Amino acid sequence: MNSRPIVPAELGWSPEGLPFSPRHGDVYHPLAGAAQQALHVFLGGNQLPQRWQGRTRFVVLETGFGLGNNFLATWDAWRRDAQRCDTLVFISTELNPLRRDDLRHVPREPAWAALAPQLEAAWPPLTPNLHRLSFEGGQVQLLLALGDARDWLPELVAEVDAFYLDGFAPARNPDAWDSRLLKTLGRLAAPGATAATWSSARAVRDGLVTAGFEVERSPGRGGKRDITLARFAPAFVPRRAPARVAVPSAERRAIVVGAGLAGSATAAALAAQGWQCELLDRHASPAQEASGNPAGLFHGIVNAQDGTHARFNRAAALELARVLADALRDGVPGSLAGLLRLETALPDANAMQAVLDRVGLPATYVQALDADAAGRLAGLALRHPAWFYPQGGWVQPGALVRWFIAQGGERIRWRGSVQVESIHRDGDGRWQLKDAQGANIASAPVLVLANAGDALRLLGQPAWSVEAVRGQLSLAPADAAGWALPCIPLAGAGYLLPPIDGMAVFGATSTAGDMAPELRQADHEHNLAQYRKLTGKTAPVDACALQGRTAWRWVAGDRLPIVGAVPDLQAASTRPIDQVRFVPRVPGLFVFTALGSRGITWSALGAGALASAITGAPAPLESSLLDAIDPGRFIARQVRRDAR
């Protein structure tokens, strides 16, 4: 999906005192009030709360978030219902979202008074992303797709139980009621899905019929004679792509191999959806390999085309910031005070700002700073302009791993010192894990390999473009005179962190194919040279006095992680397919690897995407980006190359 800059809404007021959109020349809700419309049309029209009662998960999709009143009404109804579903997922698109300050000034119903401030506090930067906002300890999820609904609906991966078709009047905002847009609802509809809208326009009813819905009129209220209700009853339901099919398992149990960032985050994401997870690792304790570094940084990226890498990294950084806000409150060492990345390719901050203006990225996500302004934030004199990521920062990865595991509570069973030698699927469809003697270690219907390069060995070394990259970081006591250490992380030619537990932490080298574990003085000298490039100063220590740590990062050739259902190579060879999501899959087998140097940044979003693929929950990432990180991409690319 090509992203477009988000243009925030301008909030005005009608002569009657109603919230009004000058852009569309229409009010946000009728004079009778937002509550009446939400309760009668959208909840009542979809038979809520009755239809979600006793359900594990219920999914609502709204076209047009507007002021958020329908979300607040649905959330409030969920809270009041003693028989409510375990998890409510509310997906909403919005072309022109309100700024946070405007959101605060929207009048709310008294019943929603306690909920509106929570929505305002969680309000995301206005970037063209699918933002996940979490409430009620994760039991209420808002997936907010900022941008044109016509772009977003084909990109959403979800099975929707109830549709709220909202938006300004068709005469004033015809794009929101486009027939092609309405037709896409059928692809998203779960069996028995319903839809409701206050509009009784013939074009809207015809569009729903084309999408496979049976349509009826129902009495309206508050000046509306009729409203439109619909139920999904298609004549034909196409098969879902293999990469979009959830695991048909009533047992809801998985094994995750690898207790680093990828594995622990995945176990936590599955546990949050009610799954039992067995988390295995060959080491006695979690986070003993790359995730065992004393600290690591995280941030998004900017590029002028806002292509796949920029969009994925932005989505991942925003999701991690949301997760880390909770982790840091729970005592995980780290900071969300921001990060600076020096820019040496563009001439100055004006050129950088021109990129931001063209892409449309807000200051709440990234800012272009000249060297003086960046230096003031860093507490150091800097020679280059820098990108400032207000929600970037640093965290201790091992503590984050342990926090992820703790989030799962009794749903995650940790087992260390377990070496998995082989895997196979038995006749009952369960994955069996064996040790070197062929004895059973564990079994489950779902297996996730999140053990870095060892995942490739267990998969039989598939022809994926992945390599090991050795990295050595350097450490020294930070109390020696002469150190130039920043207040917030500084990245560019290497990285430099604020003092961590009294230590200066900087580096790191990057050497592909080098598996030597010992520390090298030459690598420390490289890191000292990087330190000089970042700060313009010479460190007050020699290379021979430095401490350090070596670890390996597994990196895909396209510099994206590998996340998703494992391709069935035998089936793919008989019917080669060049579209990633249609590549055949091995039932119940998943992988999360190749996190490279961005393991912290990618961990939470990758785990959420993988858990959704397993459980069938709405994906926290759009379809095109799911394709970009899917292991099936290597097969699809080979098919396209062979066809040339």
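This is a short walk through a few backbone oddities, one arginine and a small sheet in a predicted model.

**Stop 1: the loop after H1**

Start by selecting Gln47, Leu48 and Pro49. Pro49 is in the loop that runs between helix H1 (34-45) and strand S4 (57-63). Turn on the backbone and look at the link from Leu48 to Pro49: that peptide bond is cis, with omega near 15°. Now slide back to Gln47, which is in the loop between H1 and S4 as well. Gln47 isn't a glycine, yet its phi is positive, at about 50°. Is Gln47 buried, exposed or partly exposed? With 31% relative accessibility, Gln47 counts as partly exposed.

**Stop 2: another positive phi**

Next, pick Ser417. You'll find Ser417 in the loop between strand S20 (412-415) and strand S21 (422-425). Here too a residue other than glycine has a positive phi, near 55°. Show the surface if you like: Ser417 has 53% relative accessibility, so it counts as exposed, the cut-off being over 50%.

**Stop 3: another cis bond**

Jump to Gly507 and Ala508. The peptide bond joining Gly507 and Ala508 is cis, with an omega of about -10°. Ala508 belongs to the loop between strand S28 (503-507) and strand S29 (511-512).

**Stop 4: Arg244 and its surroundings**

Select Arg244 and show side chains. This arginine is in the loop between strand S11 (226-232) and strand S12 (253-257). Although Arg244 is in a loop, it counts as buried because its relative accessibility is 13%, and buried means under 20%. What does the side chain of Arg244 make a polar contact with? The partner is the side chain of Asp627, at 2.8 Å. Add Val157, Arg581, Ser623 and Leu626 to your selection, since Arg244 is in contact with these as well as with Asp627, leaving aside neighbours within four places in sequence.

**Stop 5: a three-stranded sheet**

Switch to cartoon view and colour S14, S19 and S15. They form an open sheet in that order, S14-S19-S15, with antiparallel pairing. Strand S14 (296-298) and strand S15 (334-335) are the edges: each has a single partner strand, so one side of each has no neighbour in the sheet. Zoom in on S15 and strand S19 (residues 393-395), which pair over two bridges in the antiparallel sense. To see one pairing, click Gly334; its bridge partner in S19 is Val395. Finally, bring in helix H17 (residues 599-615), which packs on this sheet and touches S14 and S19. The direction of H17 makes about 60° with that of S14.

Key. Residues numbered from 1 in each chain as written. Predicted model: local features only at pLDDT ≥ 70, side-chain atom pairs only at ≥ 80, totals over all residues. Heavy atoms only, no water. Helix = DSSP H or I, 4+ residues; strand = E, 2+ residues; numbered from the N terminus. Buried < 20%, exposed > 50% of the residue type's maximum accessible area, 1.4 Å probe, protein only. Polar contact = N/O pair within 3.5 Å; in protein donor to acceptor, adjacent residues only side chain to side chain. Contact = heavy atoms within 4.5 Å. Pairing = 2+ DSSP bridges. Axes fitted to C-alpha atoms, helices over the stretch in contact; angles between N-to-C directions.
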